[in-house]
Amino acid sequence: MTFCHLLRKDEDELLPARSGCTIEDHVIAGNVEEFRKDFISRIWLTYREEFPQIEGSALTTDCGWGCTLRTGQMLLAQGLILHFLGRAWTWPDALNIENSDSESWTSNTVKKFTASFEASLSGERELKTPTISLKEKIERYSDDREMQNEIYHRKIISWFGDSPLALFGLHQLIEYGKKSGKKAGDWYGPAVVAHILRKAVEEARHPDLKGITIYVAQDCTVYSSDVIDKQCTSMASDNTNDKAVIILVPVRLGGERTNADYLDFVKGILSLEYCVGIIGGKPKQSYYFAGFQDDSLIYMDPHYCQSFVDVSIKDFPLETFHCPSPKKMSFRKMDPSCTIGFYCRNVQDFKRASEEITKMLKISSKEKYPLFTFVNGHSRDYDFTSTTTSEEDLFSEDEKKRIKRFSTEEFVLL
């Protein structure tokens, strides 16, 4: 969904309104409540503190250094929401959590969320987020599909829990980052995080995740045959068991600063149904960009240090994993280094997506060459080293060189 339903009051603050804002200037009628439900339903992953100690360090928080890992988690979480719940799904309790549209999200708001969580552990609850009894929950999810959706909603969040066992939690991502020379406390750029996410999904040993994979573009090029190979369990492209794929494309939108000519490109990409967002930010801060309004980008901000939530507990509180207040910033403030994400449900979906994205690249590109490309064939057909690696060497030498090059170009994060 393209978020085009808000008007600016101040920078980094959004207020409900109706607006139209696609690259072709088509008018999109904005329904405020539908927008809020859709936005709040996205999984919000922020700094946490007091979680289990990260192996090999004394750290029990990622405050101050883990923001790009968090924005990467948010992009992956959105891909998993689409995969398991579909684009039409919204969280039934989305409009019940605290609404801070009329004020910027502050540390006081975070403290209120933390207090709400602590109160839930002691059996108390603020009226803004009332406890739902088992009977009420059964009545609310009387439909089997709705109950199943809520089970997957919780399961997806639990995969991003801050514990060593969580498949896509901070602890696991840091372990994969070590293979590329990163460690807890380091800053991670968008391209590095793309490769870490790929490894995390490839190595996840969970039956529900057998049907999804991740592909990371090589030097701004998506090799179609490489993607299809990852999707298929056999060489037949019409295999009914082909996997869904999340395609991650690390790019730069300019030199030291973002080139304003790329604004239409970014808006066009975020308008596509296949897009699951952008891992980016502005200098010294990483954000998860989920949409746009006029010449500003709508984002989710990981820079709020919330208390650890044990997601292994039955019916763990969900409020701190959903952001009630979207924020936005001017496109001109965007750092040029970013990673774009796309989700395709199967091979045919990927083929349609590659065609639509290619058209968008041609329409929005004011340069002679598009920002990235889709080409037929395998990377090896173009004399590139295959990225297939063994479990003993999670990053190939080619990948390590590519990651190192991106790392030297990316912004430093707080």
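This is a dialogue on reading the features of a predicted model.

Trainee: Where do I start? How many helices and strands does the protein have?

Mentor: Start with the inventory. The protein has 11 helices and 13 strands. Remember that the model is predicted.

Trainee: What share of the 414 residues is buried?

Mentor: Buried residues make up 56% of them. The accessible surface is about 18000 Å². Carbon and sulfur atoms hold 49% of that surface.

Trainee: And contacts along the chain? What part of those with a separation of 6 or more comes from residues 24 or more positions apart?

Mentor: Such residues account for 75% of those contacts.

Trainee: Now a single strand. How do I read β8, and how many of its nine residues are buried?

Mentor: Take cover before pairing. Strand β8 spans residues 285–293 and is mostly covered, with eight of the nine buried. Then look at its partners. Strand β7, residues 275–282, runs antiparallel to β8, and five bridges join the two. On the β9 side, residues 296–300 pair with β8, again antiparallel, over five bridges.

Trainee: Which residues face each other across these pairings?

Mentor: Two cases will do. I279 has Y288 of β8 as its bridge partner. F289 stands opposite Y299 in β9.

Trainee: What should I check in the turns? Which residue has a positive phi in the hairpin of β7 and β8?

Mentor: Check the backbone angles. That hairpin has two residues between the strands, and K284 takes a positive phi near 80°. The β8 and β9 hairpin also leaves two residues between its strands. There D294, in the turn, has a positive phi of about 55°.

Trainee: On to aromatic rings. How many aromatic pairs does a search of the whole structure find?

Mentor: It finds 16. To class a pair, read the ring-centre distance, then the angle between planes. Planes over 60 degrees apart count as edge-to-face. The centres of the Y287 and F289 rings lie 6.3 Å apart and their planes meet at 85°, so this pair is edge-to-face. Both Y287 and F289 are buried.

Trainee: Which residues form one aromatic cluster?

Mentor: Y262, F265, F342, F350, F372 and F374 do. F265 is also one of the buried residues of helix α9.

Trainee: Tell me about α9, then. How many of its nine residues are buried?

Mentor: Seven of the nine, so α9, residues 263–271, is mostly covered. The buried ones are L263, F265, V266, K267, G268, I269 and L270. Next, ask what does the covering. The elements over these buried residues include β7, β8, β9, β12 (337–344) and α10.

Trainee: Rings can also meet charges. Which ring lies under the charged end of R48?

Mentor: The ring of F321, with the charged end 4.6 Å from its centre. K155 offers another case. Its charged end sits over the ring of Y152, 4.8 Å from the centre.

Trainee: What is the general idea behind a salt bridge?

Mentor: Side chains of opposite charge can pair when their charged atoms come close. In this structure the count is 12 salt bridges. K155 returns here. Its side chain meets that of D208 at 2.7 Å, N to O. This pair links distant parts of the chain, 53 residues apart. K155 is in helix α5 (residues 144–159), and D208 is in the loop between α7 (190–203) and β4 (212–216).

Trainee: Is K155 buried, exposed or partly exposed?

Mentor: Partly exposed, at 24% relative accessibility. Compare K327 and D301. Their side chains form a salt bridge at 3.4 Å, N to O. K327 lies in strand β11 (residues 327–330) and D301 in the loop between β9 and β10 (306–307), so the bridge ties together parts 26 residues apart in sequence. K327 is buried at 11%. D301 is buried as well, at 6%.

Trainee: What about a salt bridge inside one helix? How far apart are D349 and R352 in α10?

Mentor: Three residues, about one turn of the helix. Helix α10 covers residues 347–364. The closest N and O atoms of this salt bridge are 3.4 Å apart. D349 is buried, with a relative accessible area of 10%. R352 is partly exposed, at 43%.

Trainee: Which residues do salt bridges with shared partners join into one network?

Mentor: R198, K199, E202 and K230.

How values were computed
Residues numbered from 1 in each chain as written. Predicted model: local features only at pLDDT ≥ 70, side-chain atom pairs only at ≥ 80, totals over all residues. Heavy atoms only, no water. Phe/Tyr/Trp six-rings, centres within 6.5 Å; stacked < 30°, edge-to-face > 60°. Buried < 20%, exposed > 50% of the residue type's maximum accessible area, 1.4 Å probe, protein only. Lys NZ or Arg CZ within 6 Å of the ring centre and 35° of its normal. Helix = DSSP H or I, 4+ residues; strand = E, 2+ residues; numbered from the N terminus. Pairing = 2+ DSSP bridges. Salt bridge = Lys/Arg side-chain N within 4 Å of Asp/Glu carboxyl O. Contact = heavy atoms within 4.5 Å. Areas by Shrake-Rupley, 256 points an atom, 1.4 Å probe, with all protein chains shown as cover.
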